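Me: Please examine closely how the helices pack against one another in this model. I should like the geometry and the contacting residues set out together.

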Amino acid sequence: MQDEIVSKTKRKREMHELQALGVALVELTETQLKALALDENLHQAVLEAKRISAHEGRRRQMQYIGRLMRDIDPAPIRARLEEINGGSAQANARHKRLEALRGRLMADDAALTEFAATHPSADLQALRALIRNSRKEQKEGKPPRAYRELFRLLKSIEAAIPLQG
């Protein structure tokens, strides 16, 4: 029976953590909220909190969201929020790997041939154009628009193919 008893302080801390998680949910865009696949009542409560502008009303709504979150497992929501915010180690590693790939593609034409061999469905013409435009931007000291677009294209190609190892 002693193992079942949880101190009031610990319960209160857990409730505050759930409310903080609720605040993070309210700060998300509606598209990101839909991707989380939340419980319908919780989803509606979060949308309502986004709409409320009065301080006291918003505070009460956040408490309500915290209460709703007691009935669900917050771990998957936390994990998904970390992914969205780029906080997960896996997301960081993927980002660094893509940056390194972009650097190799910019530095060496042979890297594109190697990339094409491992990603046969990739749009090589678009990749070549972005690499060429990125090199031109760097040489002329222009803003890195094509450089960023190259990263986005590499990211979408990687997302279309299941991760290996």
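Reply: The following account takes two helix pairs in turn and then the aromatic rings. This is a predicted model, in which local features need pLDDT of at least 70, side-chain atom pairs count only at pLDDT 80 or more, and totals for chains, interfaces and linings use all residues. Residues are numbered from 1 along each chain as its sequence is written, and side-chain values use heavy atoms, with hydrogens and water left out.

Helix 3 (residues 40-51) and helix 4 (residues 55-69) have axes that come within 10 Å and cross at roughly 165°. Helix 3 is therefore roughly antiparallel to helix 4 (an angle over 145 degrees, on a scale from 0 to 180 degrees between N-to-C directions). Their crossing is left-handed, that is, the near helix is turned anticlockwise from the far one by less than a right angle. Helix 3 contributes Asn 41, Leu 42, Ala 45, Val 46, Glu 48, Ala 49 and Lys 50 to the contact, and helix 4 contributes Arg 58, Gln 61, Met 62, Tyr 64, Ile 65, Leu 68 and Met 69 (contact means heavy atoms within 4.5 Å). By class, these residues are nine nonpolar, two polar and three charged.

Helix 1 (residues 8-26) packs on helix 5 (residues 75-84) at about 45°, with the axes 11 Å apart. The two are therefore oblique to each other (neither under 35, nor over 145, nor 65 to 115 degrees), and helix 1 passes helix 5 in a left-handed crossing. Glu 17, Leu 18, Leu 21, Ala 24 and Leu 25 of helix 1 meet Ile 77, Arg 78 and Leu 81 of helix 5. This contact has six nonpolar, no polar and two charged residues.

As for the rings, Arg 102 lies over the face of Tyr 147, at 3.8 Å from the ring centre (the rule asks for CZ of Arg within 6 Å of the centre and within 35 degrees of the ring normal).

Conventions
Helices (H or I, at least four residues) and strands (E, at least two) are DSSP runs, numbered from the N terminus. Ala, Val, Leu, Ile, Met, Phe, Trp, Tyr, Cys and Pro count as nonpolar, Asp, Glu, Lys and Arg as charged, and the others, Gly among them, as polar.
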